[in-house]
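Work through the exercises below with the model open. Try each task before reading its solution.

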Amino acid sequence: MEIFMTRRVCAVLSSIVASLGCYTYAPATLETVQPGAKIRAVLSTEAQADLARRVGLDTRELEGELVDADATTVLIAVKVPAPPTGLAAAQELRQRIDVPRRDVLRVDERKLDGTRTGLLMGGFAAAATVGVVLALEGGGPGNSTNGPPPPPERRARWIISVPVIRW
């Protein structure tokens with residue numbers, strides 16, 4: 001049972017770490033970006049005014065998922081704030097917004113930055129390793145090795161010895 005729980009906890013923690021990946025935006029064109037890609041579109045001032053009037057969004061950039069781009073219109077699914085009441089507040093709401101293609105000044109595609117994500121994951125792994133070693137050692141500030149030994153049911157049985165260096 002403990003092994004199952006340990007595997008489950010490890011799986012949850014690794015998925016959290018993977019979702020914390022570092023992203024960057026790379027310049028792209030509407031011709032090269034595939035539908036479904038995460039993008040950031042910089043809009044003209046005319047499109048900004050139109051969005052404020054039509055949808056109530058006062059923004060220079062739209063971040064979301066490219067739904068479609070044809071010769072005249074770009075359709076982007078963007079996150080919108082959920083109403084403060086009801087079950088919808090717990091859900092992520094998306095709204096499809098159409099913008100004239102001529103009003104999209106620049107498009108950037110969101111890409112996973114492998115180097116920064118690797119460094120982030122390495123940092124988490126190092127922190128987890130230190131935590132596990134300290135937990136197995138039973139150490140920490142203020143813990144003393146002087147005193148009676150723990151009862152037999154509280155003693156750890158070692159399968160693999162882990163050398164610990166103290167500074």
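**Exercise 1. Is Arg54 buried, partly exposed or exposed?**

This is a predicted model. Start with the number: Arg54 has a relative accessibility of 36%. Next, recall the cut-offs: buried is under 20% and exposed is over 50%, with partly exposed in between. Arg54 therefore counts as partly exposed.

**Exercise 2. Find the salt bridge between Asp98 and Arg54, and place both residues in the chain**.

Step one: look at the side chains. Those of Asp98 and Arg54 meet at 2.9 Å, N to O. Step two: locate the partners. Asp98 sits in strand β5, residues 93–100, and Arg54 in helix α2, residues 45–54. Step three: check the separation. The two are 44 residues apart, and the pair links distant parts of the chain. Step four: check the accessibility of the acid. Asp98 is partly exposed, at 35%.

**Exercise 3. Explain what the salt bridge between Lys38 and Glu65 ties together**.

First, the contact: the two side chains meet at 3.7 Å, N to O. Now the positions: Lys38 belongs to strand β2 (residues 38–43) and Glu65 to strand β3 (residues 61–69), so their pairing ties together parts 27 residues apart in sequence. Last, the accessibility. Lys38 is partly exposed at 34%. Glu65 is partly exposed too, at 27%.

**Exercise 4. Decide which partner in the Lys111 and Glu109 salt bridge is buried, and name the residues of the salt-bridge network**.

Begin with the distance: the closest N and O atoms of Lys111 and Glu109 are 3.7 Å apart. Then take each residue in turn. Lys111 has 40% relative accessibility and is partly exposed. Glu109 has 16% and counts as buried, because buried means under 20%. Now the network: Asp50, Arg53, Arg54 and Asp98 are joined into one by salt bridges that share partners. For the whole structure, the count of salt bridges is 8.

**Exercise 5. Describe the largest nonpolar core, then list the contacts of Val104**.

Step one: size. This core has 18 residues. Step two: its best-connected members. Leu43, Leu62, Ile76, Val99 and Val104 touch the most other members. Step three: where the residues come from. Strands β2, β3, β4 (73–80), β5 and β6 (104–112), along with helix α2, each give two or more. Strand β4 gives the most, with 4 residues. Step four: pick out Val104. Leaving aside residues up to four places away in sequence, Val104 touches Leu30, Ala41, Val42, Leu43, Val74 and Val99.

Conventions: Residues numbered from 1 in each chain as written. Predicted model: local features only at pLDDT ≥ 70, side-chain atom pairs only at ≥ 80, totals over all residues. Heavy atoms only, no water. Salt bridge = Lys/Arg side-chain N within 4 Å of Asp/Glu carboxyl O. Buried < 20%, exposed > 50% of the residue type's maximum accessible area, 1.4 Å probe, protein only. Core = buried A, V, L, I, M, F, W, Y, C linked by side-chain atoms within 4.5 Å. Contact = heavy atoms within 4.5 Å.
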